[in-house]
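Hi,

Here is the structure I promised to pass on. My notes follow below it.

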Amino acid sequence: MDKKNLTLGEFIIENQDSFQYTSGELSRLLNGLRLAAKVVNHEVNKAGLVDIIGAAGDTNIQGENQQKLDVLANEKFIQTLSKREIVCGIASEEEDDFISINSFDKQHQNKYIVLIDPLDGSSNIDVNVSVGTIFSIYRRITPVGTPVAIEDFLQPGRNQVAAGYIIYGTSTMLVYTTGDGVNGFTLNPALGTFYLSHPNMEFPETGKIYSVNEGNYVHFPQGVKDYIKYCQEEEGDRPYTSRYIGSLVSDFHRNMIKGGIYMYPKSSKASNGKLRLLYECNPMAFLAEQAKGKASNGHQPIMEIEPTELHERVPFFCGSKKMVEKAEEFMNA
């Protein structure tokens with residue numbers, strides 16, 4: 001069979017043996033994410049037609065204004081994942097605390113936890129710019145048969161068993177890894193089916209794009225300022241091109257295909273950076289490493305950081321390996 005004709009469901013089944021846990025549980029979990037993604041995609045694509053754009057009137061645990069689609073996406077993913085006999089807990093950017101989910105037999109037999117950013121870049125919804133969903137999957141570390149606990153969620157990124165994102169753009173794609181490379185699937189809206197469109201995705205070793213909010217330049221550490229100036233110098237293959245969408249999923253996706261670096265450093269306004277370690281940085285770092293890229297906080301690999309709280313923030317540098325390494329040189333100079 002032509003690999004590009006594979007549906008996401010067929011691909012998951014065909015590649016089950018490459019995953020160290022082959023009971024089929026992860027397949028059911030990924031299928032749940034696929035279903036929720038199609039529901040959210042439908043809502044995102046009609047955002048301008050019905051009353052689901054704009055602010056919901058509340059703030060999340062981060063102190064950020066919630067958009068109506070934030071709330072809807074959060075509800076859809078939680079509802080869909082909770083109904084699968086696999087997830088024992090969910091942590092979301094939109095929830096103050098983690099959600100414990102019991103198994104159907106009420107014996108707490110489920111083995112996986114999911115951390116999720118239901119709608120990354122949602123401030124872009126009103127202006128019709130691509131947004132996305134980011135997810136991270138771990139096996140629980142507390143004993144099966146007991147309720148899920150905070151330590152199940154505060155695992156380093158190296159423990160992830162799967163991670164990915166859905167990008168809702170000119171086409172809708174689901175991109176994920178289970179530790180055996182990165183593959184992308186594009187939704188055929190006429191059939192409601194995801195097809196393998198981007199097999200074995202990899203970052204070019206280097207690139208010519210840097211993605212950072214230069215409006216915050218004055219607030220950045222000196223090392224970041226120096227690296228940005230390096231990117232702008234007219235020397236060799238530089239200057240690089242500046243491309244910043246303001247949606248992590250969109251910027252990451254473009255840079256993985258074309259080659260580039262994404263940066264959200266700490267600043268005088270945000271001493272720990274803005275992005276959340278558990279449901280933004282760790283899953284993107286897992287994807288980056290599986291795609292031959294690199295992700296760090298400027299000083300150490302993202303996935304080696306030991307989390308201390310559910311909504312922890314960290315600086316984030318991610319993308320083509322040589323570009324991240326060069327940025328680290330400036331950060332550590």
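Is K292 buried or exposed? K292 is exposed, because its relative accessible area is 53%, and the cut-off for exposed is over 50%. K292 sits in the loop between α7 and β14 (293-296). Its phi is positive, about 65°, although K292 is not a glycine.

One caution before the rest: this is a predicted model.

Overall picture

The protein chain has 8 helices and 15 strands. Its C-alpha atoms fill a box of roughly 65 × 45 × 45 Å along the principal axes. The radius of gyration is 19 Å, which agrees with the value near 20 Å for a compact globule of 333 residues. Of those 333 residues, 54% count as buried. Take the contacts between residues at least 6 apart in sequence: 66% of them join residues at least 24 apart.

On the surface side, the protein chain exposes about 14100 Å². Carbon and sulfur atoms supply 46% of that area. The charge count is 32 positive and 42 negative. The mean positions of the two sets are 3 Å apart.

Domains

The domain assignment gives domain 1 (8-200) and domain 2 (209-332). Their C-alpha centres lie 23 Å apart. The two are in contact through 49 residues of domain 1 and 33 residues of domain 2.

Helices α5 and α7

Helix α5 covers residues 222-232. Its buried residues are G223, V224, K225, Y227, I228, Y230 and C231. Note that a lysine, K225, is in that list. What lies over these buried residues of α5? The cover includes the strands β11 (209-211), β13 (260-264) and β15 (316-320), and also helix α8 (321-331).

Helix α7 runs over residues 277-290 and holds N282. N282 counts as buried, because its relative accessibility is 0% and the cut-off for buried is under 20%. Which residues does N282 contact, leaving aside its neighbours within four places in sequence? They are Y138, Q155, P156, G157, Q160, L277, I302 and M303.

Loops and backbone

Three more loop residues are listed here.

- P239: this proline lies in the loop between α5 and β12 (241-242). The peptide bond from R238 to P239 is cis, with omega near 10°.
- H108: this histidine is found in the loop between β4 (99-100) and β5. Phi of H108 is near 55°, a positive value in a residue other than glycine. At 18% relative accessibility, H108 counts as buried.
- I125: this isoleucine is in the loop between β5 (112-120) and β6 (131-139). I125 is buried, with a relative accessible area of 11%. How far is I125 from E151, C-alpha to C-alpha? The separation is 34 Å, and the two are 26 residues apart along the chain.

To recap the backbone points: positive phi at H108, positive phi at K292, and a cis bond from R238 to P239. H108 is buried, whereas K292 is exposed.

Best wishes

Key. Residues are numbered from 1 along each chain as its sequence is written. This is a predicted model: local features need pLDDT of at least 70, side-chain atom pairs count only at pLDDT 80 or more; totals for chains, interfaces and linings use all residues. Side-chain values use heavy atoms; hydrogens and water are left out. Helices (H or I, at least four residues) and strands (E, at least two) are DSSP runs, numbered from the N terminus. The radius of gyration is taken over C-alpha atoms; the globule rule is 2.2 Å times the number of residues to the power 0.38. Buried means under 20% relative accessible area, exposed over 50%, partly exposed in between (1.4 Å probe, protein chains only). Contact means heavy atoms within 4.5 Å. Accessible areas come from the Shrake-Rupley method with a 1.4 Å probe; for residues, only the protein chains shown count as cover. Lys and Arg count as positive and Asp and Glu as negative; His and the chain ends are not counted. The place of a charge is taken as NZ of Lys, CZ of Arg, CG of Asp or CD of Glu. Domain bounds come from an automatic or database domain assignment.
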